[in-house]
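Student: I would like to learn how to read a small sheet and an enclosed space in a protein model. Could you take me through them one at a time?

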Amino acid sequence: MSEAAQPDVIVIGAGVVGLSSALALQARGKTVTVLDREGPAAGASAGNAGAFAFTDILPLASPGLMRKAPRWLLDPLGPLTVPPSYALRIAPWMLRVARACSPARVEAATTAQTALMDLSKAELEPFLAATGTLSMLRRDGNLEVYESDAEWRASLSGWDARERHGIAFRHMRADEMAEVQPGLSPRFVRGTFTPGWFSIADPKDYVLALAERFRADGGRIERGEALRLRPDASGVTVEGAGLRATEVVVAAGAFSHRLAATIGERVPLETERGYNTTLPANAFDLRTQVTFGGHGFVVTRLASGIRVGGAVELGGLQLKPNFKRSTAMLAKAESFLPGLRTEGGRQWMGFRPSLPDSLPAIGFARGSRRVVHAFGHGHLGLTQSAGTARIVADLLTGRTPPVDLAPFSPQRFA
Ligand SMILES: Cc1cc2nc3c(=O)[nH]c(=O)nc-3n(C[C@H](O)[C@H](O)[C@H](O)COP(=O)(O)OP(=O)(O)OC[C@H]3O[C@@H](n4cnc5c(N)ncnc54)[C@H](O)[C@@H]3O)c2cc1C
């Protein structure tokens with residue numbers, strides 16, 4: 001590649017994290033090429049639930065998870081499964097999750113997550129305005145529903161923790177819930193509404209709009225697979241794609257650890273595979289996102305339809321999707337929202353990129369300040385994309401990021 005065509009930065013991955021980072025770097029005057037083996041919006045960023053879940057500050061790795069997990073694991077199509085063929089492979093990662101559930105580590109992770117959420121929320125609207133996507137933002141809130149007083153009471157310590165971190169919410173009984181979301185099954189007797197939970201009209205359209213904006217502002221998007229990174233004194237070569245730049249950002253979602261490994265870095269990234277079904281827009285009169293926390297899924301109103309999805313399958317990157325999971329969730333949704341029309345749906349599976357302590361890896365690579373990692377956002381990649389982009393741009397323009405990056409260090413597991 002000629003010297004003139006060499007960009008300042010190559011961002012590997014054209015998902016929501018990579019493209020947001022590319023746009024933030026471009027806004028700081030960097031020339032940027034985005035590299036993706038399939039093109040924009042090919043990964044988890046295309047099919048997610050579209051929520052900016054700013055109130056979701058509690059790590060998944062928590063005593064609550066340890067309480068629910070044994071019951072969930074009994075149901076092969078339930079909220080959490082480990083396919084037998086992947087059980088041995090995932091065991092070390094699950095042990096790390098169990099260790100991250102101690103009260104001290106949960107408290108530290110909550111504080112770190114709150115800082116990244118606050119930054120992401122503050123950055124979001126200016127970012128949407130600057131990229132011409134503000135009209136896609138919806139402020140529908142989220143209603144988490146409970147089937148008994150006991151289930152609701154068990155959730156209260158989590159709500160208390162959110163209150164301590166300044167998050168607004170309102171507990172409701174069935175009659176108040178019906179005003180926020182008519183048509184819920186009477187089995188749900190309690191709920192908690194969080195108004196500060198936003199969503200995007202459609203996650204795939206959003207990523208494609210970011211890609212279009214990036215190109216319109218002079219950015220290049222190349223199709224190709226990065227196989228290996230070779231940092232040296234003057235830049236980084238991306239082998240496999242035949243590209244070179246002064247700096248590289250690794251934002252390859254659930255595949256990022258493979259690239260980190262090529263520069264000698266071991267990051268325990270796994271995937272929490274998630275499933276959904278997108279129904280036609282007239283499937284239900286949905287007014288807010290509804291979270292069925294006890295069953296591990298949500299129902300969301302998007303421009304492209306009503307999306308019923310969630311669940312966690314710890315099955316790695318190779319196993320074929322098991323769409324019986326989408327079907328099982330849809331059947332539950334039909335009984336939880338009587339009147340939901342379930343015909344005409346499209347099924348999807350995506351790879352959440354997840355680290356054992358529920359925090360992403362954002363920071364310089366070990367041994368090279370020419371490589372920045374930005375991956376591992378788990379259930380929150382869309383939510384934290386604008387904040388992550390700001391941090392990446394700060395790191396590559398010599399500014400100090402506004403949040404303490406120690407809890408997000410890619411080297412914290414070493
Ligand atoms: C069912 C489900 C629901 C979800 N709901 C939400 C939600 O409501 N809100 C939220 O915030 N998050 C949600 N998430 C999580 C969110 O989707 C992810 O955290 C986020 O999309 C990760 O974005 P990313 O850009 O890191 O990865 P991806 O979107 O996966 O993008 C990575 C890209 O890298 C490319 N790539 C990989 N390896 C290479 C390589 N070697 N060379 C070149 N290209 C490569 C891939 O082709 C892909 O395009 C959900 C996830 C799932 C599965």
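The dialogue below turns to the sheet and then to the cavity.

Tutor: A word on the basis comes before the features. This is a predicted model, in which local features need pLDDT of at least 70 and side-chain atom pairs count only at pLDDT 80 or more, while totals for chains, interfaces and linings use all residues. Residues are numbered from 1 along each chain as its sequence is written, and side-chain values use heavy atoms, with hydrogens and water left out.

Student: What is the order of the strands in the open sheet of three strands?

Tutor: Strands of a sheet pair through backbone hydrogen bonds, either parallel or antiparallel. Here the order is β11-β12-β13, and the pairing is antiparallel; strands are DSSP runs of E with at least two residues, numbered from the N terminus, and two of them pair if DSSP finds at least two bridges between them. β11 (228-231) and β13 (243-245) are the edge strands, each with a single partner, so one side of each has no neighbour in the sheet.

Student: How many bridges join β11 and β12, and which residues are partners?

Tutor: Four bridges join β11 and β12, one partner pair being P231 and V236, and the two strands form a hairpin with four residues between them. β12 (residues 236-239) pairs with β13 over three bridges; V236 stands opposite A245, and V238 has L243 as its bridge partner. In the hairpin of β12 and β13, with three residues between the strands, G240 takes a positive phi near 100 degrees.

Student: Which residues of β12 form its covered face, and which its uncovered one?

Tutor: In a regular strand the side chains alternate between the two faces of the sheet. In β12, V236 and V238 make up the covered face, whereas T237 and E239 make up the uncovered one.

Student: Where does the largest cavity lie with respect to domain 1 and domain 2?

Tutor: A cavity is a set of points, on a 1 Å grid over the protein atoms alone, where a 1.4 Å probe fits but cannot get out, and its lining residues have an atom within 4 Å of a point. The structure holds one cavity of 30 Å³ or more, and about 60 Å³ of space lies in the largest cavity. Domain 1 (1-59 + 102-138 + 197-268 + 357-414) and domain 2 (60-101 + 139-196 + 269-354) both contribute to its lining, so the cavity lies between them; these bounds come from an automatic or database domain assignment. Among the lining residues are D140, W197, F198 and R301, and β9 (198-200) and β17 (297-302) each supply at least two residues of the lining.

Technical notes
On a 1 Å grid over the protein atoms alone, a cavity is a set of points where a 1.4 Å probe fits but cannot get out, and a pocket is an open set with protein on both sides within 12 Å along at least five of seven lines; lining residues have an atom within 4 Å of a point. Grid points are joined across faces, edges and corners, and a volume is the space filled by probe spheres set on the points. Buried means under 20% relative accessible area, exposed over 50%, partly exposed in between (1.4 Å probe, protein chains only).
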